[in-house]
There are 2 protein chains.
Amino acid sequence: MTDAADPRGFHMTSDEFRRNGRAAVDWIADYMDRIESFPVLSRVRPGEIRAHLPAVPPAEGEPFDAMLADVDRLILPGITHWQSPNFFAYFPSNNSGPAILGELLSAGVGVQGMLWATSPACTELETHVLDWLVGMLGLPSKFRSDGTGGGVIQDTASSSALCALLAARERATGFRVNEVGADGKLTAYASSQAHSSIEKAVKIAGLGRENLRLVEVDGRFAMRPDALARRIAEDRGAGKAPCFVCATVGTTSSNAIDPVAEIGRICRDEGIWLHVDAAMSGTAALCPEFRGMQEGLDLADSYCFNPHKWMFTNFDCDCFWIADREALIRTLSVAPEYLKNQASESGAVFDYRDWHVPLGRRFRALKLWFVIRHYGVEGLRHHVRRHVELAQKFSDWIDASGRFELAAPVPLNLVCFRHVGGDEINRRLLERLNAGGRLYLTHTTLGGRYTLRLSIGQSRTEERHVSSAWRTIQETAAELEREG
Amino acid sequence: MTDAADPRGFHMTSDEFRRNGRAAVDWIADYMDRIESFPVLSRVRPGEIRAHLPAVPPAEGEPFDAMLADVDRLILPGITHWQSPNFFAYFPSNNSGPAILGELLSAGVGVQGMLWATSPACTELETHVLDWLVGMLGLPSKFRSDGTGGGVIQDTASSSALCALLAARERATGFRVNEVGADGKLTAYASSQAHSSIEKAVKIAGLGRENLRLVEVDGRFAMRPDALARRIAEDRGAGKAPCFVCATVGTTSSNAIDPVAEIGRICRDEGIWLHVDAAMSGTAALCPEFRGMQEGLDLADSYCFNPHKWMFTNFDCDCFWIADREALIRTLSVAPEYLKNQASESGAVFDYRDWHVPLGRRFRALKLWFVIRHYGVEGLRHHVRRHVELAQKFSDWIDASGRFELAAPVPLNLVCFRHVGGDEINRRLLERLNAGGRLYLTHTTLGGRYTLRLSIGQSRTEERHVSSAWRTIQETAAELEREG
């Protein structure tokens, strides 16, 4: 077969792409318009989606229209609508027009930014936008790229925690674990409320779960610095080598805020790496009035927050900063001949392949740049303030209700609450609410008690959605009470 | 501020999204049409992109048109054009219309598939398409999800290697390293030509680089099974605990094919985990005539290949299969209260959060599904065969040239070659070719000698691009010879 006989093979031409692309864009716009008509939590049973898919792939190509129709017919019933304004579950994973279009352009340009040389704009825009964010969030300037630090986009806060732990492990051992392996002596610390990704990282890095100390929390579910100090002292006494502390600004269970400054002073005095995980709540620091929650960040060695949670940037986009980038690069660097190039050897550029686990990377800075430019700093602040205001309102309603109580303080946009009637009615309430389709909530346990979580952060959540959720919650609770 | 006064805040409306989305789609189509007009390798100097970006982010939002214009003006000069048909560097990272639109829809729907329940379609379509690929690639049926195995999409082969190594580490120690930490005894094996991600994984997992054995290769740069067996025996004699072997099907340097069957028998007899990394070359197994390269896969514990390299699916999309998924899940599972749900507890579903490092995950199966359906199996095979045919042609030209020689066998679509005049002229040749902008090649060293690599796999590379590359290479070499 010659090129002349088949100049394009089976590829979609640019004209077909224009036509199909419009259809896809319109599909998304229509989806935005009708999103409130779907039950928020998918109602399919296990295996139901697969049951409608053909057992074998097609031998011959199919038209794009058929694929798009199948997204409606076969896929949508199995979608839990994270972009519904009635999605109050977990933490948000919100998106926005500029982010989606940034992702589209990133896929269209299709560069792989493992090295500066493999697309300088991919690296430089990322470094630049992460420097912007240092200013926008009021982070310490040591995280800027013009000193010894710098920022990088990771997929998730789990990966950021792993990278921070690895750099901490290597710094604590003179980069010896990388060479000879771990020896079971290193210990790590996080509060009992810290995210499960810390335990996952500790296992992956070969420290062992038994060497992770889950430090006691106070009545607000925040880490107790005195307990941290005691655990470190006990470990040193037992011949262990403390290397890593994770402080959380906004825990997943209840949005508890660990006291970063006090923890930071302990870490500084003890020479221990401090990582601060602000995956969801970090976005609030766009507003100066919320920055107090992470005072003491100047004592942190690394920090992350996720624009893909609450900053209108579609998943995945976790921003990770490090004060001493050399520790990370030395930990993760590999330099095979086939990746060598003049720019890398000059030392004048960042090669982001050495800042995370994967080698390859896509151009995620584009969507982040688009989001920041589309909203402007003021637009982003507006929505953060609005979400916090709505959560405070909801929290007031809970407080005044008699039938419900708050289960934890509400520093920002997460409300933990429960029906006063005990665990069983709360379990049934959650189940019935989610089955109803009008909203989606998830739960946690706090102080051993079953607790509902209402997380406000979906891009399009407005007051009417929160009021409607509150009405539905009250009505459903009343139903359950009547049923007894 | 009330909702009534500002019903939508600063968000892009669905109508604006339609308009801006069309502009973005057209921009990409125009980019496809004019891609051959750009120098393939970006010519900017370090810092040049950042120098044109404003030092601070905008306080107020900007129009989408301005952002799109800036992609042209500020970003394009810093792009190395991976989607140019004249991109012959590294391995391809190709894309296609259906993949880009699948990515777009995935961003638009914006689901986060960490659990089955958080969007059943995201999990089930992924499992289903990876089962399709088991058939399409002729992989052992033990990798299908209906037995003890199953497939998952990872970001990159680096992450797949890490996950395989972690499961191997835990299986070898009765899941003890996860609990108590590593002890420096575990050893891992890969050929001296294996990808740098294996060394990276060995460091991350706490084994230590000194415990990675880079096994000797034969004259074709493939692992020598006798050398592997000898290394394992030596390690056992020294009290070490061999736990992991990585065989490569298509090394990055030269596309060397390790003998999977012989290596697999050693691993089976020794009870060692065998991971097979076919990141680029695995796509060739779409064609039955190329499957011989990985005969013996039935002895592998895990396997990966990257549709984001040679199968027209934009980055990131690495497919990873495991024969005993419980080993992986047990290794990576964490189950905090806030992620618990009925579907997970029923055991009837996969929760992919436990199959990789990150917790969150986007709906990447959509683009893979679109690619397979758009091309059909026959369309994908057509392009793989065409690329291999072009590489064989180029290799014949090298062979017949007198001035150049092949530096390694050419099993598929990568040609390693060099000018017969020694390392210096090859270095200068590469530099001048890439500076010229008409094509982009990279290099490696083989047998200690500087070697050029011509990798054929960009979606739109046709015979005219390869012939033109060959003419440019010959003319440039002649220039350098004349200059002496």
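In the next few minutes I will go through the fold of one chain, then its domains, and then the way two copies sit together.

Please keep in mind throughout that what we are looking at is a predicted model. Let me begin with chain A, where 16 helices and eleven strands are found, and where the C-alpha trace spans about 75 × 70 × 45 Å along its principal axes. For 484 residues, a compact globule would be expected to have a radius of gyration near 23 Å, and chain A, with 24 Å, agrees with that. Buried residues account for 62% of the 484 residues in this chain, and, if we take the contacts between residues at least 6 apart in sequence, 74% of them join residues that are at least 24 apart.

Turning to the domains, the assignment for chain A gives domain 1 as 14-37 + 42-79, domain 2 as 111-362 and domain 3 as 371-483. The C-alpha centres of domain 2 and domain 3 of chain A are 30 Å apart, and the contact between these domains takes 24 residues from domain 2 and 18 residues from domain 3. On the domain 2 side, helix 5 (120-136) and helix 11 (307-310) of chain A each supply at least two residues, and the residues of that side divide into 15 nonpolar, seven polar and two charged.

Finally, how does chain B relate to chain A? A turn of 180°, with a shift of 0.0 Å along the axis, lays chain B on chain A with an RMSD of 0.0 Å, and that is the relation of a two-fold axis. Of the interface residues of chain B, 100% are also interface residues in chain A, so the copies meet through the same surface.

Technical notes
Residues numbered from 1 in each chain as written. Chains lettered and ligands numbered in written order. Predicted model: local features only at pLDDT ≥ 70, side-chain atom pairs only at ≥ 80, totals over all residues. Least-squares fit on C-alpha atoms with pLDDT ≥ 70 in both. Contact = placed C-beta atoms within 7 Å. Helix = DSSP H or I, 4+ residues; strand = E, 2+ residues; numbered from the N terminus. Rg over C-alpha atoms; globule rule 2.2 N^0.38 Å. Buried ≥ 20, exposed ≤ 12 C-beta atoms within 10 Å, placed from the backbone. Domains from an automatic or database assignment. Nonpolar A, V, L, I, M, F, W, Y, C, P; charged D, E, K, R; others polar.
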